[in-house]
Each structure stands twice: as C-alpha cells, then as structure tokens.
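Subject: Structure for your files

Hello,

Here is the structure I promised to hand over. My notes on it follow below.

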Amino acid sequence: GGAAPTMDSFRAPASTWGHEMKNYEREKRRVVDEGLMRGQQLRLPKGVVQQQERVFDPLLQRFRDSGVETHQRLAEERERVAHLNRAQDIQIVRSQPYNIVNHSSKLEALAPGQDPMRLGGQPGHGTSGEGCRMSEGRPVPPSTYTDYNIVSNLAHDIHHWQKPGERPQCKERDATVRKVPHFTVKDFDIVTNRYLDAHESKLANEKHLSILEATHKFSKSCKFDPVSQQFNDPRMEERAKVAMDAREVESTMRCDAQLPPSYKGKLSNHYGIISHEAHNPEMLHMLETLDDERMDRHRNRYIVEHNLHVQDVKYDHVTAARKMNRIAPDRFEEPKRRGYDIIDNMSHGRLLHKEKQLHEDFTMKRLTPWERGQQGLPREPTMENVQTIRLDPPGARGLQSSSSAPHLGGSGGGGGRRRAEALGSGASSASVPSMRRQSGGGSERAAARSLSSGALAAAASRPYALPPAPAIPGHAVGSVF
C-alpha cells in the first residue's frame, strides 16, 4: 500500500553492490521513464517573443497601438481616482472631519453648512454623534478615585459633602491573609550561624551533599582526561572501547559487502604485506601475467596512435600540395608584370635593392608551346624517372622494425627509416607533377621500357641527390611517408 517507486529511488545508492546491480537492471529493462507518459510540450512559434516585445515602446513609455494606449490610460485614471477616494474616506473616519489648518469642513460637498462633528458616527471616530451641541458641555469627571475621604480617612457614606441619601456607597473589601515567603523563615540562628536543632547531624549531611554535588559537576565538565587520553570513569572507558571496536568491525564488514566480486581477490590477500610471504604463489603468478598482458595492450595503443598520426601528417602534406596545384599561375602573373603594389604604390622585384621584395609563388607553371610539343617524344631516361624500392628479407618486418614507429624498435629502426626514405622519395617525386604534365606519360613509359639494361646501369651509376622527405612535426626521426 505504499507509494510507487520513482526513477530517483532506483538511482539512489543501495546498501550493497548486488542491490545496485538489481536496481540498474530494473531501471533499464522494466521501468518506463516518466517523460514518456507526459503530453507534448507547448510549442512557442518563432517570433512570438519578439512580437510581444514590439507592443510597448520602452523609449516613449507608451503602447504603439493608440487604442490600447487610450484604454490603458482610462483604466489607470479610474483606478487612481478610486484609490484616492478610498484614502480620503479612511482619513475622514480615522481622523478629524475638518482641516486642522484652516478649520474648514472636509464634508462640505456632502453636507453644506452643517457641523462636521455632528453628522453621525460614534464618539472617538472623529464625530460626536447626531445630537446638537449643548451649552453645558461634557459632564465633569469625578474629583477623586478613592471611596473614602483622604483627609479624615472616613468612608464617603459618613464624611461627604452631599446629603446622606445621595452619597456614594462604599464597597466592602475583606482583608486578605498575608503569606510569608518560605525563604524568609530560617532554621538557623543568624547570629551564631548554628542550626536550631540537630546541628551536628545536619552539618554532616550538608558536607556529604556538597561532596556529591562537586563530584557530579566534575563528572559532567571533565569526563575525558587529555593527558592519559582516557575517561575518568572506568565504566565509561570500557563502554567507549567496546563501541569503537564494534564500529571498526562494522565499517570493515560494510566495506567488504559493497565490493564487487572482482575486487575481493586483490593482490594483498595472497601474500603478507609486512613479511612478504606468499600465501598463494599460483594466484600471484597469474596476476603478474595479467599485468604484463595489460602493459602490452597499452603499448600497442601508443603504436597505433603514432601510425595514425603519421598517416594524418602525410594526408595533410598531400592535401596541401593538391591545393597548391589547383591554383592557377595566372593569378600571380599580373602583379609580376605590373612591377609595383597597387595598395602602397611601392615597386617590387626579386632584387634586394628594390623597395618591396616579391616572393615567388608555389603554383605549377603552365607549359609553353615547346614543352607541350615535346610531350609525345621519347627522351633519355634520368634518375628522376627511376624509383628504387628495397625489400626486406621475409620475416624481418615486424613491430620492432616498423617504419611508422622507429623509436619503439631497436636494431630494426634503421632499416625501417631507410625504407621510409626510399618510399618517401618516390612518393614525393611522383606527387609533384600535375595531371596536365602526366597526360603523355604512357608513351614516355613505353620508351623507357625499350631502353637497354646498360643505359639503366649507366644512369644508376651517376651521382644524384634525391630531395629529403618532410620530417614529422614534433619528432626528430622518421618520415611522413
């Protein structure tokens, strides 16, 4: 018959780990979220708030619509007049019905020519009733507030200035019994300071009570001894020790109950943390093996991240080269031909004595008619058209000799770096020419294949220097290729 559990009750921390798992399973599988049972929320169309803000002009402090402004002003004037009328009525009722400065009637408009103090009401509310003013005035208050003559100390029915039949009657009052406070009655002599009876026994009892009172006060104010770090009462000290031991045992048991099953087999349970004596050598060996495997997995993560970083750097370089190849060289020919900057009117060039230095662009130049005519003709092979790829022996390429992570390898790092340089030089030389220059590459490759092996050997024996591959940003070794 209790209230139904809510989503917050399932998410609240439970007493044990098992209860938390049950609550989590029930919340994810069987409980329907409260938000799904509610209706659709009200939609606020776009522009409604801005439209409402435009109704009132904050600068002129008035509504933009003249009809709304007129209606609002009439309502404000009507409420102001009604409020002032109520305030005037309250002031007339609570204060005088006339002006205290010029003594003019505040009710002249309602009762012209009449006395404002005699227009009804109750005495004490600003008016004196509906009666007319009397020549006698108000009755004289009594001359005394006592029921006897203060000179002769006789009652008014005996000594009074009126005749006996009209004298005020005195009210008979009975005298009350005087009560003496108990603290004024003492059971000892104030001169000799001795009890009136049984002085010795009362003195001994008083001394014993004083000792008990002092003991009670000391036990309340000084329960704990800060020097010995113990309670002054042995019984309280024993109870405190028992409570602390029980609390420590309870905390330990609660902590063990909330631990998951996988946490209960911790490393310190299988050997002595003080004597380092192994209680379960098989379990210790298994835990060490698991740690080594976890370290290997963690190391593989950094290797994969390094390889992905190298690929990203290579992709960025290729993308930058392609962007430069997409830019037309005619864009920079006009400033070169003009010879000066049209913004600051300073001449420029490639010489140092010019006013403004002209930096060379990195775009691919257009082919001249002569170069376009020489595209289909065979030409002598050069070292730029020859790419050499060195292959490793089988089984030599592994994680220690990976070109993407040379800093993780030992002796195989140099081979990986050489392979990266060889591949990088070929990739860089192949990615530089544009698509327009490679249109006639088929005939060139056919002519190159027809050359003799002696020509290739002679060309390979010539001294040449390939351009170095771009380095990895942030690392001193390796190549992006």
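The structure holds 22 salt bridges, where a salt bridge is a side-chain nitrogen of Lys or Arg within 4 Å of a carboxyl oxygen of Asp or Glu. Before the details, please note that this is a predicted model, in which local features need pLDDT of at least 70 and side-chain atom pairs count only at pLDDT 80 or more, while totals for chains, interfaces and linings use all residues. Residues are numbered from 1 along each chain as its sequence is written, and side-chain values use heavy atoms, with hydrogens and water left out.

The chain as a whole

The chain has 12 helices and six strands; these are DSSP runs numbered from the N terminus, with helices being H or I over at least four residues and strands E over at least two. It is 481 residues long, and 14% of them count as buried. Buried means under 20% relative accessible area, exposed means over 50%, and partly exposed is in between, using a 1.4 Å probe and protein chains only. The accessible surface of the chain is about 40300 Å², with 56% of it belonging to carbon and sulfur atoms; areas come from the Shrake-Rupley method with a 1.4 Å probe, and for residues only the protein chains shown count as cover. Of the contacts between residues at least 6 apart in sequence, 37% join residues at least 24 apart, a contact being heavy atoms within 4.5 Å.

Around F56 to E69

The structure holds two aromatic pairs. One of them is F56 with F63, an edge-to-face pair with 5.3 Å centre to centre and 80° between the planes. Rings of Phe, Tyr and Trp (its six-membered ring) pair if their centres lie within 6.5 Å; planes under 30 degrees apart count as stacked, over 60 as edge-to-face, and the rest as tilted. F56 is partly exposed, at 31% relative accessible area.

F63 is also touched by E69, as is R62, when residues up to four places away in sequence are not counted. E69 belongs to helix α4 (residues 66-94) and counts as buried because its relative accessibility is 8%. Between E69 and F56 there are 9.4 Å, C-alpha to C-alpha, and 13 residues in sequence.

In this stretch D57 also forms a salt bridge with R64, with the closest N and O atoms 4.0 Å apart. D57 is buried at 14% relative accessible area, whereas R64 is partly exposed at 42%.

Salt bridges within helices

Helix α7 (residues 281-326) contains both E305 and R301, four residues apart, about one turn of the helix. Their side chains meet in a salt bridge of 3.2 Å, N to O. E305 is partly exposed, with 39% relative accessibility. R301 has a further partner: its charged end sits over the ring of Y302, 5.3 Å from the ring centre. A charge sits over a ring if NZ of Lys or CZ of Arg is within 6 Å of the ring centre and within 35 degrees of the ring normal.

In helix α8 (residues 330-338), E334 and R338 are separated by about one helical turn because they are four residues apart. They form a salt bridge in which the closest N and O atoms are 3.9 Å apart. E334 is partly exposed at 35%, and R338 is partly exposed at 28%.

There is also a network of salt bridges, which links K336, E360, D361 and K365.

The second aromatic pair and two backbone points

F224 and F231 make an aromatic pair too. Their ring centres are 5.3 Å apart and their planes are at 80°, so the pair is edge-to-face. F224 is partly exposed at 38% relative accessibility, and F231 is partly exposed at 26%.

Q229 lies in the loop between β3 (224-225) and β4 (230-231). Q229 has a positive phi of about 55° although it is not a glycine. N153, likewise not a glycine, has a positive phi of about 60°. N153 is placed in the loop between α4 and α5 (199-221) and is exposed, at 57% relative accessibility.

A nonpolar patch

V32, L36 and M37 make a nonpolar surface patch of about 370 Å². Patches are made of residues with over 30% relative accessible area and no salt bridge; like charges are joined within 9 Å, and nonpolar side chains (Val, Leu, Ile, Met, Phe, Trp, Tyr) within 5 Å. M37 is found in the loop between α2 (17-29) and α3 (48-53), and its 66% relative accessibility makes M37 exposed.

Regards
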